[in-house]
Structures are given as C-alpha cells and as structure tokens.
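Reader: I am new to this structure. Please show me how to read it, feature by feature.

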Amino acid sequence: MVDAGAADVTSLSLAEGRVAALAWGREQAPVWLALHGWLDNAASFSRLGPLLAERLDIRLVALDFRGHGLSAANEGATDDYALWDYGHDVLDAMDTLGLDDAVLVGHSMGAAVACLLAAALPERVRRLVLIDGLGMLSTAAEDTASQLRRGFLAHRMRASRMPGYADVESAVAARVAGGVTPIDADTAAPLVERNSRRLEDGRVTLRTDSRLLKPSPVRFTPAQVLALLADIRCPVQLVEGDEGILGERAFAAKARGAVPDLTRHVVPGGHHLHLERDRVDAVADAVVNGCPVGKAVS
C-alpha cells in the first residue's frame, strides 16, 4: 500500500542507531516530533505527517519507540517498558536532531509520554498536540501491591515468540481481530507493514518485542496523573475522535479540567482517527486551525 505523500518520506536513524524514525517535510523547516501509541510505530503518522508538513511548513519526525517498529528492543531479560523510558527515546532523538525544545505530537500512549515530558521538563517542550490521548493509565493507590505482583510474576516468565503469519495480509487481519481498540484493515495496514519481518520459510512475523504485552509493575495513581497534568505549562491542543477512548468519561473530563491551557477539538473518527483515510483531513484541519496564526511555531 502506498499512501499520498509516501514518496516524500525519509527514513532516519537517531540516538546512535537505537531509535528509528520517519520524517516528512523539508530538512530546514521547524521540527515537530510525533510519538505513536502502544504496539504501533512511526507509520502511525504516515497519512497525517505529509498533510501537516505541507500545510504548516514543518518537518514532522515520527519516532519508533524502543521495542516497536524498527527501533532496538531493551536488552535485559527482565527490563520493563515504562513511560519514562520512552521519554528518554524522545530526549535522545532531540539531542541527535539538535533540538533544545520541540512541539510534541502524541497519539494515545505517545500522548502520555508527551504529557510526562511537558510536566517534568517544561523547558524542553514548547507545545503539545495530543490525538485521542491525555494523561496516563493509572492504578488506584490501594492496588499498588497487586499491580507490582502482576508485574514481577509476568517479567519472571520466559518471553513468548511473536506469532507467524502466511503473509502481511494475514498479519493485518490478526491486528484487526485482536486490537485493544477497534481498527479496520486499511487503517492497520501501514502499522503492520512497518512492523513486519520475513522469516526464512517465507512466513511473516512481527518485530514487536513480546515483553511489551506484559503488565507494568508500577503505574501512577489517579491523583498523580491529575497533578502531572496540572503542571503542564505549555499550550495543549487535544484532538479527540467522537468514537475514541476519551469522550465524556468521568476521568477524561477531570483530566481535561486539570490542564491549565487546553483547547479541545472533537472530530469524527475512532481511536486511530489520524490514520483513518477518510478522517485524517479533519484531524489535519483541527491541528492547523489550532496552531498560532495558522503557522508552525519555530
């Protein structure tokens, strides 16, 4: 599958080869960093990236987080994949690109990583554009021990191999059938194609580190999440799908209310609205119209 704008994409290797990335837009343009969701990869922005690059005259650099896409996996057998670890991927990429600060575009888990960085290192984050994600998964304080137990036990178990498939189309079908949030084949295809690896027997497997499927030993509590969001000082633009994961859920409303400077846009689409072929234009419109004076902040 070839999407519009795919011919203008550039593959990058950052952080001494540890972090892979895709980029759209001219090299001299202001750089925005795009951060994908859990089990996705840089191709998550393969349809939105070209639109933003052209309309805002920016260079959008989309990262593969560690263990995802073409980026390296953690080496230790019991290493965890925590949100703050992904934060180091972003900071390492910024250092490679020579960025003192940046606009971060985050989807889902990538939005959570972007929020963490904006709260903890406000001098490094100029603006947030969040796509169907705000804050982080949380665990009630009284459930801390049980969450830690689940993490300990899961990480002591031998990592399983990722399944094999007859072809990429079969891998796409499996992603559609087993997705945590609803996704169709056309939307899933770019993600699966970047994440696929051909085996010697001709079958296809996924590059994803299977340890990503294990539960996190530690999560923030709901109170900590709200406190982190309250510490974000840069402007935040939130673009939600009307069929996404936020909506009018009680904690989502609390999270929006905690951010000091937040502008909310609700547009048609599901959780992957920025990758849905017939919805991505509306996402691009929301981002462009919400950008100061309609231009990228350099």
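Author: Start with exposure. Buried means under 20% relative accessible area, exposed means over 50%, and partly exposed lies in between (1.4 Å probe, protein chains only). Val218 has a relative accessible area of 49%, so Val218 is partly exposed. This is a predicted model: local features need pLDDT of at least 70, side-chain atom pairs count only at pLDDT 80 or more, and totals for chains, interfaces and linings use all residues. Residues are numbered from 1 along each chain as its sequence is written, and side-chain values use heavy atoms, leaving out hydrogens and water.

Reader: Where does Val218 lie?

Author: First, the naming. Helices (H or I, at least four residues) and strands (E, at least two) are DSSP runs, numbered from the N terminus. Val218 is in the loop between β9 (204–206) and α7 (222–230).

Reader: Which residues form a nonpolar patch on the surface?

Author: The idea comes first. Patches are made of residues with over 30% relative accessible area and no salt bridge; like charges are joined within 9 Å, and nonpolar side chains (Val, Leu, Ile, Met, Phe, Trp, Tyr) within 5 Å. Accessible areas come from the Shrake-Rupley method with a 1.4 Å probe, and for residues only the protein chains shown count as cover. Here Val218 joins Trp84, Leu148, Phe152 and Leu153 in a nonpolar surface patch. Together they have about 490 Å² of accessible area. Helix α4 (residues 144–156) gives the largest share, three residues.

Reader: And how do I read a nonpolar core?

Author: In soluble globular proteins, nonpolar side chains tend to be buried together. A nonpolar core is a set of buried Ala, Val, Leu, Ile, Met, Phe, Trp, Tyr and Cys residues joined through side-chain atoms within 4.5 Å. The largest one here has 51 residues. Val90, Leu104 and Leu128 have the most contacts inside it. Helix α3 (residues 109–120) supplies the largest share of this core, 10 residues. A second, separate core has 27 residues, including Phe45, Val105, Leu273 and Val288.

Reader: Which residues is Val90 in contact with, leaving aside its neighbours within four places in sequence?

Author: Contact means heavy atoms within 4.5 Å. Val90 is in contact with Leu33, Leu35, Leu63, Phe65, Leu104, Val113 and Leu117.

Reader: How do I judge whether a helix is enclosed?

Author: Look at its buried residues. In helix α6 (residues 185–194), seven of the 10 residues are buried, so α6 is largely enclosed by the rest of the structure. They are Thr187, Ala188, Ala189, Pro190, Leu191, Val192 and Arg194. These buried residues pack against β2 (19–24), α5, β8 (196–198) and β9. Now take helix α9 (residues 280–290). Its buried residues are Val280, Val283, Ala284, Ala286, Val287 and Val288. Their cover includes β3 (31–35), α1 (48–56), β6 (125–131), β10 (236–241) and β11 (262–267).

Reader: How many salt bridges does the structure hold?

Author: A salt bridge is a side-chain nitrogen of Lys or Arg within 4 Å of a carboxyl oxygen of Asp or Glu. The structure holds 18. In one of them, Arg175 pairs with Asp40, with the closest N and O atoms 2.7 Å apart. Arg175 lies in helix α5 (residues 168–178) and Asp40 in the loop between β3 and α1, so the pair ties together parts 135 residues apart in sequence. Both Arg175 and Asp40 are buried.

Reader: Is Asp95, which pairs with Arg124, buried or exposed?

Author: Asp95 has 51% relative accessibility, so Asp95 counts as exposed. Arg124 has 18%, so Arg124 counts as buried. The closest N and O atoms of this salt bridge are 3.5 Å apart. Arg18, Arg66, Asp89 and Asp92 go further: salt bridges link them in a network.

Reader: What about Lys214, which has no salt bridge?

Author: Check the charges around it. Lys and Arg count as positive and Asp and Glu as negative; His and the chain ends are not counted. Lys214 is buried, and the nearest side chain of opposite charge, Asp209, is 7.9 Å away. Asp209 forms a salt bridge with Arg211, the closest N and O atoms being 2.7 Å apart. Lys214 is in the loop between β9 and α7.

Reader: Where do I look for backbone surprises?

Author: Most residues other than glycine have a negative phi, and most peptide bonds are trans. Leu39 has a positive phi, near 70°. Leu39 is in the loop between β3 and α1. Ser108 also has a positive phi, near 55°. Ser108 is in the loop between β5 (102–107) and α3.
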